[in-house]
Every structure is written in structure tokens, then in C-alpha cells.
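Good morning, and thank you for making room for me in the meeting. Please have the sequence and the model open as I talk, since I will be moving from one part to another.

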Amino acid sequence: MIIDLALLPVYLTTVVALLLIPGPDMLLIASSSLSYGRKVGVYASFGNATSGLILTLLAAMGVSALVAMNPMALELLRVLGGAYLLKMGWDCMRSSASDAPEITQQGNLAKLLYRRAVMSNLLNPKALIFFVLFLPQFVSTQLSASSGEQMLALGLLLNVMGLAFNLLLVALVGSLGKPLLKNEKFRTYQNKFMGVIFFALAIWLLASQVQSIS
């Protein structure tokens, strides 16, 4: 057994509570689904899951803990993450109305949002610290599995639940936003709307204080 069954109910309850708390990931996925449709939202959800898997692997190997104990590394991540989000916001803002994607031509945009979701989460130092602080709380000394193996299993479970939640969010928001995608006035401003979202995420990240765990 890799996960302590005695701790599993508490872990699952905590994960569900965390998923229900609105955050930057939820905002990005919901706004992508609303602005560009469910396909783009699904890709953004998988991008978020990919970054979560990478952070899980880094946490299990202890790499993320080393980074989280270095204030300069965390500050660099914060600045790079904020700059990346500002660049995405600027790209959306300077797009013209003619650049708005057709509903039947969303493949490239979906891949772009996948990459953006991956990078925005990986460059968020708070996401890294979350994995370093959260997963070890549910590592049990009663199991023969190593702490790294347990953290990997816990992280995978977290990512599966997160992906399921995000896909449900996409289905809901995408259905609500479907009429908007056929509205010419909305299509004129849909890139600008995403630009505002990225700028808001950048301000949130750059204005936040990140503390090392040393």
C-alpha cells in the first residue's frame, strides 16, 4: 500500500475543499472556456494537470523543497511568472478582432492555451510551495513505501481529482458561453477579455509575497 488508508478520507476531503476555493488556475480555465469554447478549456485543463504532474515529480524527488528553501530562487520564479503573464496579456490585447478564432478552427489556440496553462503554473512559486508543504502532511511512517513514493501517489491522486473537477468546470462554463461564441460583438472583444484575465493574474502574482520555507 502506497497511501495510508487511515489518512485517505482526510486527504480526499482536504483536496475537495481546496478545489472548491477559487484561484488563478480556476480563473484561467473558466475564462478560456467562456471566451474560446470547451475544446480550449479542456486543453487548458490538461495543461494545468501536466504542470501539476511535473510539480509532483519534483516534490517526490525533493527538488522542489530545495528551490522552496531559496528566497532568491522563489523571487526569480515570481518575477518570471509575472513577466510571462504580462506578455500573454499584451499579446491578447494587441490582437485585432479579425484574429478571433472561428469555432471550427480552435486546434492551434487550444494547443497555445495548453502551453500557457503549463508555464503559468510552473512559474508560480506558490504552486511549488503548496506541493512541498501539502503532500508531506499525509506521508505515513506506518507504511513500507518511502516518503517519495507516497508523495508521488498522493500527488497523482490530487492531479486526477483536479483534472476531473476542471473538466466539469469546462463543461459547465463552456455550455454557458456557447451562445457568446456566436455573438459577433462578443467575438470582437474576446481576445481583449483574455488579455484582462492574464493582466489580472500577473498583478496577482507580482503583488503577492512569497516566503521561503527555510
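Of the 214 residues in the protein chain, 45% are buried, where buried means under 20% relative accessible area, exposed means over 50%, and partly exposed is in between, with a 1.4 Å probe and protein chains only. Please keep in mind that this is a predicted model, in which local features need pLDDT of at least 70 and side-chain atom pairs count only at pLDDT 80 or more, while totals for chains, interfaces and linings use all residues. Residues are numbered from 1 along each chain as its sequence is written, and side-chain values use heavy atoms, with hydrogens and water left out.

The secondary structure comes to nine helices and zero strands, so let me add that helices (H or I, at least four residues) and strands (E, at least two) are DSSP runs, numbered from the N terminus. Read along the sequence, the pattern is therefore α-α-α-α-α-α-α-α-α.

Let me turn to the spaces inside the model. How many cavities of 30 Å³ or more does the structure hold? There are two of that size, and the definition works on a 1 Å grid over the protein atoms alone: a cavity is a set of points where a 1.4 Å probe fits but cannot get out, a pocket is an open set with protein on both sides within 12 Å along at least five of seven lines, and lining residues have an atom within 4 Å of a point. Grid points are joined across faces, edges and corners, and a volume is the space filled by probe spheres set on the points.

The largest cavity holds about 90 Å³ of space, and its lining includes Pro-24, Asp-25, Leu-28, Ser-120 and Trp-204. Helix H2 (24-36), helix H6 (107-122) and helix H9 (184-207) are the elements that give two or more residues to that lining. By class, the lining has six nonpolar, three polar and one charged residues, where Ala, Val, Leu, Ile, Met, Phe, Trp, Tyr, Cys and Pro count as nonpolar, Asp, Glu, Lys and Arg as charged, and the others, Gly among them, as polar.

The second largest cavity has a volume of about 30 Å³, and it is lined by Asp-25, Leu-28, Ile-29, Ala-44, Asn-48, Ala-117 and Ser-120. H2, H3 and H6 each supply at least two of these residues, and the largest share, three residues, comes from H2.

The largest pocket has a volume of about 760 Å³, and among its 27 lining residues, Leu-18, Leu-19, Asp-25, Asn-121 and Phe-130 lie nearest its centre. The lining of this pocket has 17 nonpolar, eight polar and two charged residues.

On the surface, Leu-53, Leu-57, Met-61, Val-63 and Leu-156 make a nonpolar patch of about 420 Å². Patches are made of residues with over 30% relative accessible area and no salt bridge, with like charges joined within 9 Å and nonpolar side chains (Val, Leu, Ile, Met, Phe, Trp, Tyr) within 5 Å, and accessible areas come from the Shrake-Rupley method with a 1.4 Å probe, where for residues only the protein chains shown count as cover. Helix H3 (residues 38-61) gives the most to this patch, with three residues, whereas Leu-156 lies in helix H8 (residues 147-181) and is partly exposed at a relative accessible area of 38%.

My last topic is charge. Side chains of opposite charge can pair when their charged atoms come close. The structure holds three salt bridges, a salt bridge being a side-chain nitrogen of Lys or Arg within 4 Å of a carboxyl oxygen of Asp or Glu. In one of them, the side chains of Glu-75 and Arg-78 meet at 2.5 Å, N to O, and because these two are three residues apart in helix H5, they are separated by about one helical turn. Glu-75 is partly exposed, with a relative accessible area of 36%, whereas Arg-78 is buried, at 11%.

Lys-87 and Asp-91 meet in a salt bridge at 2.7 Å, N to O, and Arg-94 meets Asp-91 in a salt bridge at 3.5 Å, N to O. Salt bridges that share partners thus join Lys-87, Asp-91 and Arg-94 into one network.
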